[in-house]
Amino acid sequence: MSNYIDADVRCPFYKKALPKEKKLKCEGVCEKCSTHLVFSSRAELERFTRTYCCARYWDCGLFWALKEKYPGD
């Protein structure tokens, strides 16, 4: 997985994918922090990113947790 996928991301809380580390970096739940999702393989990272970050981000539980930071949106 290369970072070309960044161009397809629609989730407003996405920061970046870290394929070598099998991690996805998103906005954090508190100020000046970030949330990292760690996957068992690069394939799982890519599958999750394409499914939830690029397409159906509103189906991601983390999206809803982070959205709570912004009342009224």
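How many residues lie between strand 2 and strand 3, and which residue in the turn has a positive phi? Strand 2 and strand 3 form a hairpin with six residues between them, and Lys32 in the turn is the one with a positive phi, of about 65°. Before going further, a word on the ground rules: this is a predicted model, in which local features need pLDDT of at least 70 and side-chain atom pairs count only at pLDDT 80 or more, while totals for chains, interfaces and linings use all residues. Residues are numbered from 1 along each chain as its sequence is written, and side-chain values use heavy atoms, with hydrogens and water left out.

Let's start with the strands. Helices (H or I, at least four residues) and strands (E, at least two) are DSSP runs, numbered from the N terminus, and two strands pair if DSSP finds at least two bridges between them. Strand 1 covers residues 14-18 and runs antiparallel to strand 2, with four bridges joining them. These two form a hairpin as well, with four residues between them, and Lys22 in the turn has a positive phi of about 60°. On its other pairing, strand 2 is joined to strand 3 (residues 34-38) by five bridges, again antiparallel. Cys26 is a handy landmark here: Tyr14 stands opposite Cys26, and in strand 3 the bridge partner of Cys26 is Thr35.

Now for helix 1, residues 42-53. Its buried residues are Leu45, Phe48, Thr49, Thr51 and Cys53, where buried means under 20% relative accessible area, exposed over 50%, and partly exposed in between (1.4 Å probe, protein chains only). Those buried residues pack against strand 1, strand 2 and strand 3.

One of them, Phe48, brings us to the rings. Rings of Phe, Tyr and Trp (its six-membered ring) pair if their centres lie within 6.5 Å; planes under 30 degrees apart count as stacked, over 60 as edge-to-face and the rest as tilted. The structure holds seven such aromatic pairs. Phe48 and Phe39 make a tilted one, with 5.3 Å centre to centre and 50° between the planes, and both residues are buried. Phe63 and Trp64 pair edge-to-face instead, at 4.9 Å centre to centre with 85° between the planes. Phe63 is buried at 7% relative accessibility, whereas Trp64 is partly exposed at 44%. Ring pairs also link Phe63 and Trp64 with Phe13, Tyr57, Trp58 and Tyr70 into a cluster.

Back in strand 2, what about Glu27? Despite its carboxylate, Glu27 counts as buried, with a relative accessible area of 12%. Glu27 forms a salt bridge (a side-chain nitrogen of Lys or Arg within 4 Å of a carboxyl oxygen of Asp or Glu) with Lys69, the closest N and O atoms being 2.6 Å apart. Glu27 lies in strand 2 (residues 23-27) and Lys69 in the segment after helix 2 (61-67), so the pair ties together parts that are 42 residues apart in sequence. Lys69 itself is partly exposed, at 30%. Taking contact to mean heavy atoms within 4.5 Å, and not counting residues up to four places away in sequence, Glu27 touches Phe13, Lys15, Cys33, Ser34, Thr35, Leu66, Lys69 and Tyr70. Phe13 and Tyr70 also turn up in the ring cluster.

The whole structure has five salt bridges. Among them is the one between Glu21 and Lys23, at 3.8 Å from N to O. Glu21 is partly exposed at 45% relative accessibility, and Lys23 is partly exposed at 24%. Another joins Asp59 and Arg56, with the closest N and O atoms 2.8 Å apart. Both ends of that bridge are partly exposed too, Asp59 at 43% and Arg56 at 38%.

Last, the cysteines. The structure holds zero disulfides, a disulfide being a pair of cysteine sulfur atoms within 2.5 Å. Why doesn't the sulfur of Cys11 bond to the closest cysteine sulfur? That closest sulfur belongs to Cys53 and is 5.9 Å away, so it is too far for a bond. Cys11 is buried at 14% relative accessibility, while Cys33, one of the residues that Glu27 touches, is partly exposed at 32%.
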